[in-house]
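Trainee: I have a two-chain model to get through today. Could you walk me through it?

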Amino acid sequence: MSKVQDDWGALSRLPGNPMMWVLIWSELVVFGVSFIGFAVAHVLHPEIFISSQNHLNRFLGGVNTMVLITSGLCAALAVTARQNGKRRLMRLWLGAAVVLGCVFLWVKFLEYGEKFSQGIGLETNMFYTLYFLLTGFHAFHVVFGIIILIIVGWKDSVENIEIGTTFWHMVDLIWIILFPLIYLLR
Amino acid sequence: MKFTNPSPKTLFFCWLALMALTIGTMLSGHATSDIALSGLLILALGLITWVKAMVILRYYLNLRTASRGWNRAFSSYLFVVLGIIMTIFIVGKL
């Protein structure tokens, strides 16, 4: 994140593309409100939430967190490689980030599949409505992030790589909060 | 302002810290059992999550090179959101 922005006011004091930081703030506010709503619903209906939450695979959720964190490292290393002019290495790191993103989605797919096979869906109860909406909305971000990483790996200017990886780290950041909230807090 | 990226070595150590903190999250949240969490464990979960979010912001997203105001804005916002969530869970246990 090396580019100095010229006329974005206070946003010029942030690294990378200012519009990406506007997006990050927007996402943090939207998800922040949703997270607080989830916590309130949990406390108002503890029996439904705790009994449903106990059917989630908490360990697998933790493993998926590690997968996304490692993917974030690969994305950050891709930026450094590109800034040093090592395009081949940058593509390798970006490729690793994409593969790990796909692993994350695969685990989510397995989780959803297990729930659907048990007859559990979006309308089962309030917990599962919020679980599918929040994790599903996040999973859409992961899919979108993977597409962005592939595009910036192809159109690989330093700025493009920075923008793409910034989005990827934001997806990582949201999951860091989503995981303990949905899987662990009770 | 000059925005210098963290070195690969720094990024690697951040990754190690994040992995260790994730294990801390799983242990605090009793990820392999269904037992209820005490208020203290809920508080620990909130603090670990805040530290992890700050590591991602400051190093992966390089926020540490931004102005002090932006750093305070992000850390305060996350602290407040996580604080509200943890308070709701702790109060819900009373």
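Here is a short round of questions and answers on this model.

Mentor: This is a predicted model, so local features need pLDDT of at least 70, side-chain atom pairs count only at pLDDT 80 or more, and totals for chains, interfaces and linings use all residues. Residues are numbered from 1 along each chain as its sequence is written, chains are lettered from A and ligands numbered from 1 in the order in which they are written, and side-chain values use heavy atoms, with hydrogens and water left out.

Trainee: How many helices and strands does chain A have?

Mentor: Helices (H or I, at least four residues) and strands (E, at least two) are DSSP runs, numbered from the N terminus. Reading chain A from that end gives α-α-α-α-α-α. The count is 6 helices and 0 strands.

Trainee: Which element gives the largest share of the largest nonpolar core?

Mentor: A nonpolar core is a set of buried Ala, Val, Leu, Ile, Met, Phe, Trp, Tyr and Cys residues joined through side-chain atoms within 4.5 Å; buried means under 20% relative accessible area, exposed over 50%, partly exposed in between (1.4 Å probe, protein chains only). This core has 89 residues, and A:Y131, A:I182 and B:F74 are among those with the most contacts inside it. Elements of both chains give two or more residues to it, including α5 (126-154) of chain A and α3 (68-92) of chain B. The largest share, 16 residues, comes from α6(A).

Trainee: What area do chain A and chain B bury between them?

Mentor: Buried area is the accessible area (1.4 Å probe) that two parts lose on being put together, summed over both. The contact, meaning heavy atoms within 4.5 Å, takes 50 residues from chain A and 50 residues from chain B. In chain A, A:W25, A:L185 and A:R186 lose the most area to chain B. Carbon and sulfur atoms carry 78% of the buried total, which is about 4500 Å².

Trainee: Which side chains meet in a salt bridge between B:D34 and chain A?

Mentor: A salt bridge is a side-chain nitrogen of Lys or Arg within 4 Å of a carboxyl oxygen of Asp or Glu. The rule finds 1 salt bridge across this interface. At 2.9 Å, N to O, the side chains that meet are those of B:D34 and A:R58.

Trainee: Which residue of chain B has a side chain in polar contact with that of A:T70?

Mentor: A:T70 lies in helix α3 of chain A, and at 19% relative accessibility A:T70 counts as buried. A polar contact is a pair of N or O atoms within 3.5 Å; within protein, one must be able to donate a hydrogen and the other to accept it, and residues adjacent in sequence count only if both atoms are side-chain atoms. A polar atom of the A:T70 side chain lies 2.7 Å from the backbone oxygen of A:M66. Across the interface, the partner at 3.0 Å is B:W15.

Trainee: How many residues apart in sequence are the parts that A:D156 and A:R91 tie together?

Mentor: These two form a salt bridge, with the closest N and O atoms 3.2 Å apart. A:D156 sits in the loop between α5 and α6 of chain A and A:R91 in helix α4, so the pair ties together parts that are 65 residues apart.

Trainee: Is A:D156 buried or exposed, and what is the value?

Mentor: Its partner A:R91 is partly exposed, with a relative accessible area of 40%. A:D156, on the other hand, counts as buried, at 5%.
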